[in-house]
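This report describes one protein structure for a reader who has not met it before. Please look at the sequence and the model before reading on.

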Amino acid sequence: KNTSLPEDLDAYFESHLLPSDAALEAADHRSQQAGLVPHAVSPLQGAFLQILAKAVSARRILEIGTLGGYSTIWLARALPADGTLVSLEISQANRAVALQNILDAGLSHLVDIRLGAAADLLQAMIASGEPSYDFIFIDADKRSNPIYWESALKLSHKGTLIIVDNVVRNGAILDDKTTDPDVIGVQDLLDLMSKSTGITATALQTVGSKGHDGFAIAMVD
Ligand code: DHB
Ligand code: MG
């Protein structure tokens, strides 16, 4: 198999920094077997998210886009024993895979995977006055990033860390003539972020086993 330098480096860092982990490997395998799209974060990215969640001592984590629960496992492991992770997933089939992966990882007591369109679920969460979250990971359909961002701000408090996956898409977001609604969703997100007051924000490009992509990262001041 031909591998690229970034992929070889991911393998090198994984072999040195990440212990082999049966639950994460099983989750990856089950997701593949179930035919889920291969869009989970990489192992090194999962560890990065877990470190960030620990760094803010997150007790309540919100994830928008569960897929097979791979990042969910990384994030739930950042929580204290009485913590909570709410993850939103539109696909019944994806949710079923994720539930099994989280059960096998021994994390079911911490994780609540809610089925539905995230925009609707978020609106209901805001309307019902649900407590705010310490860490929010946005990683669902990219065209809805603007509504996810606005909702995340409403579910935040001072010190909440908001991470958005896939804001580079191999550079596609620089195409100002694009008609791809997912690219437009990222562009509109960045426009919204540029107009948001009361945040400190950055973006980090990533290379590795998931190609050239990146995270937008914002802390609520
Ligand atoms: C896509 C979505 C993701 O969340 C990701 O990490 C990579 C790609 C996509 O929709 O193409
Ligand atoms: Mg993603």
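The text below goes from the whole chain to the metal site and then to single residues.

**The chain as a whole**

The model is predicted. The chain contains eight helices and seven strands. Along the principal axes, its C-alpha trace spans about 45 × 45 × 30 Å. The radius of gyration is 17 Å, and a compact globule with 221 residues would have a value near 17 Å, so the chain agrees with that expectation.

Of the 221 residues, 48% are buried. Among contacts with a separation of 6 or more, 71% join residues 24 or more positions apart. The surface that the chain exposes is about 10900 Å², and carbon and sulfur atoms supply 55% of it. The chain carries 16 positive and 27 negative charges, and the mean positions of the two sets are 4 Å apart.

**The magnesium site**

Which residues are the protein donors of the magnesium ion (ligand 2)? They are D139 (OD), D165 (OD) and N166 (OD1), and they lie 2.1 Å from the ion. In sequence, these donor residues follow the spacing D-x25-D-N. The pair D139 and N166 links distant parts of the chain, 27 residues apart. D139 is in the loop between β4 (135-138) and α7 (145-154), while N166 is in the loop between β5 (161-165) and α8 (181-195).

Are D139 and N166 buried or exposed? Both are buried. For N166 the relative accessibility is 14%, which is why N166 counts as buried: the limit is under 20%. N166 also has a positive phi of about 70°, although it is not a glycine.

**Single residues**

The table lists the relative accessible area of four residues from different lines of the description below.

| Residue | Relative accessible area | State |
|---|---|---|
| H39 | 54% | exposed |
| L67 | 18% | buried |
| W74 | 9% | buried |
| V186 | 0% | buried |

V186 has its place in helix α8. Leaving aside neighbours within four places in sequence, V186 is in contact with K142, N145, N166, V167, R169 and I173. One of these, N166, is also a donor of the magnesium ion (ligand 2). From V186 to S87 the C-alpha distance is 21 Å, and the two are 99 residues apart in sequence.

W74 is part of helix α4 (residues 70-76). Its contacts, without neighbours within four places in sequence, are L18, L24, P43, G46, A47 and Q50. Of these, P43 is 31 residues from W74 in sequence, with the C-alpha atoms 8.8 Å apart.

L67 sits in the loop between β1 (60-64) and α4. L67 has a positive phi of about 50° and is not a glycine.

Where does H39 lie? H39 is in the loop between α2 (22-33) and α3 (43-55). What does H39 touch, apart from residues up to four places away in sequence? H39 touches L67 and K210. The C-alpha atoms of H39 and L192 are separated by 25 Å, and these residues are 153 apart along the chain.

Notes
Residues are numbered from 1 along each chain as its sequence is written. Chains are lettered from A and ligands numbered from 1 in the order in which they are written. This is a predicted model: local features need pLDDT of at least 70, side-chain atom pairs count only at pLDDT 80 or more; totals for chains, interfaces and linings use all residues. Side-chain values use heavy atoms; hydrogens and water are left out. Donors are N, O and S atoms within 2.8 Å of the metal (3.2 Å for Na, K and Ca); water is not among the atoms, so sites may look incomplete. Helices (H or I, at least four residues) and strands (E, at least two) are DSSP runs, numbered from the N terminus. Buried means under 20% relative accessible area, exposed over 50%, partly exposed in between (1.4 Å probe, protein chains only). The radius of gyration is taken over C-alpha atoms; the globule rule is 2.2 Å times the number of residues to the power 0.38. Contact means heavy atoms within 4.5 Å. Accessible areas come from the Shrake-Rupley method with a 1.4 Å probe; for residues, only the protein chains shown count as cover. Lys and Arg count as positive and Asp and Glu as negative; His and the chain ends are not counted. The place of a charge is taken as NZ of Lys, CZ of Arg, CG of Asp or CD of Glu.
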